[in-house]
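Biologist: I am new to this model and would like a close look at one part of it, the interior, with each term explained as it comes up.

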Amino acid sequence: KTSQIGFMHFCGDRKMAGRNTGGIVIAAKTAAALREVNRLIREDRIHKTYLCVTVGTPKLHDAKLRAWHKKSESHNTVTVRDTKANGFQEIITAYHVIASNTHHALLSVDLITGRTHQIRAHLAGTGHPLLGDTKYGDNKLNRRMQSEYSLHHQLLHAGRICFPKEAEGPLAKVSGQTFTAPLPHKFAEILQALNLAPDSAC
C-alpha cells in the first residue's frame with residue numbers, strides 16, 4: 001500500500017472483468033490518484049494478468065488473438081467477430097496454456113486491450129468458453145458444474161497487476177511494481193478436481 005493507492009483482494013463476487021470475477025482490484029485513495037489510474041488504464045499501460053479455465057484446449061499453447069468487439073448496452077453482452085465492421089473496436093488478447101487435459105485447460109491471459117467481457121467473449125469466439133460462464137459458455141456443462149461443485153460463475157481470476165516504470169505523481173511509489181492475489185479456494189478446489197495445476201488459495 002501507499003498513501004494514495006491501495007489494493008483489495010476479492011475471492012468472490014466482484015464486478016471487474018465481468019460479473020463474479022475475483023482477484024485484485026486497484027483502490028485509489030485520492031482524486032489525483034484516481035485520475036492517474038484512469039489515464040493509465042485508458043492508455044493500456046497498466047498490465048493485467050488473469051487466470052481462467054476453458055472448455056477444451058486451444059490449438060496453440062501460446063498465442064496473441066486479434067478480433068473486433070462491440071457491446072450491446074441494452075443486453076449487457078458483446079459480439080466478437082474476425083473482421084472490422086461499423087461500431088466495432090479492435091481487441092487483442094494474449095494467452096499461455098499452463099496446464100491442460102482432454103476436456104479443459106488452465107490459461108494465463110494478458111489483456112493487451114481492455115474491453116467489456118473481453119476475455120470471456122474472445123475465448124468463447126474461438127470455441128473455448130470459460131468454464132462456468134453463463135453468458136458466453138456451455139450451458140449444459142455449466143449446469144453439471146453447478147451440481148457437482150456448486151460453481152455459479154466463470155472461473156476467471158485477476159491474479160496480477162503491473163504498473164509501468166514511468167508511473168509518476170500520485171503513483172510514483174508503485175512505479176514498476178507488481179501486485180498479486182492468490183486464487184480463491186473454490187477455484188483452486190476445482191483445478192485440483194480437474195487435474196489441472198493448482199495454485200495457492202485464499
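How many residues does the largest nonpolar core have, and which of them have the most contacts inside it?

Modeller: This is a predicted model, in which local features need pLDDT of at least 70 and side-chain atom pairs count only at pLDDT 80 or more, while totals for chains, interfaces and linings use all residues. Residues are numbered from 1 along each chain as its sequence is written, and side-chain values use heavy atoms, with hydrogens and water left out.

The largest nonpolar core has 16 residues, and Val53, Leu131, Leu155, Phe187, Leu191 and Leu196 are those with the most contacts inside it. Such a core is a set of buried Ala, Val, Leu, Ile, Met, Phe, Trp, Tyr and Cys residues joined through side-chain atoms within 4.5 Å, where buried means under 20% relative accessible area, exposed over 50% and partly exposed in between (1.4 Å probe, protein chains only). At least two residues of this core come from each of S3, helix H3 (139-149) and helix H4 (185-193); helices (H or I, at least four residues) and strands (E, at least two) are DSSP runs numbered from the N terminus. A second, separate core has 15 residues, including Ala105, Leu111, Ile119 and Leu156. In soluble globular proteins, nonpolar side chains tend to be buried together.

Leucine 131 shows what surrounds one residue of the largest core: beyond its neighbours within four places in sequence, leucine 131 is in contact (heavy atoms within 4.5 Å) with residues that include Val53, Thr54, Val55, His104, Leu141, Met145, Leu151, Leu155 and Leu194.

Helix H2 leads on from the second core, since Ile119 is one of the residues included in that core and is also among the buried residues of H2, together with Gln118, Arg120, Ala121, His122 and Leu123. Six of the eight residues of H2 are buried, so the helix is largely enclosed by the rest of the structure. The elements covering these buried residues include strand S3 (47-55), strand S4 (62-72), strand S5 (77-81), strand S6 (89-100), strand S7 (104-111) and S8. Glutamine 118, which lies in helix H2, has a relative accessible area of 2% and is buried; leaving out residues up to four places away in sequence, glutamine 118 touches Ile91, Ile92, Thr93, Leu111 and Thr113. In the loop between S7 and H2 lies threonine 116, which is partly exposed at a relative accessible area of 29% and touches His69, Lys71 and Val78, again not counting residues up to four places away. After H2 comes glycine 127, whose phi is positive, near 95°.

Charged side chains also take part in this interior. Arginine 120 and aspartate 133 form a salt bridge, their closest N and O atoms being 2.8 Å apart, where a salt bridge is a side-chain nitrogen of Lys or Arg within 4 Å of a carboxyl oxygen of Asp or Glu. This pair links distant parts of the chain, with arginine 120 in helix H2 and aspartate 133 in the loop between H2 and H3, 13 residues apart, and both residues are buried. The structure holds nine salt bridges. Those that share partners join Glu36, Arg39, Glu43, Arg45 and Glu166 into one network, in which arginine 39 bridges glutamate 43 at 3.1 Å between the closest N and O atoms, and glutamate 43 in turn meets arginine 45 at 3.0 Å, N to O. Within this network, arginine 39 is partly exposed at 25% relative accessibility, as are glutamate 43 at 40% and arginine 45 at 28%.

How far can the coordinates be trusted? The mean pLDDT (the predictor's confidence in each residue, from 0 to 100) is 87 for the protein chain, and 87% of its residues reach 70 or more. Among the elements, helix H2 (residues 118-125) has the highest mean pLDDT, 96, and strand S1 (residues 5-10) the lowest, 55. Over residues 12-18 pLDDT stays under 50, although the model has 21 contacts for them beyond four places in sequence. Where pLDDT is low, the predicted coordinates should not be read in detail.
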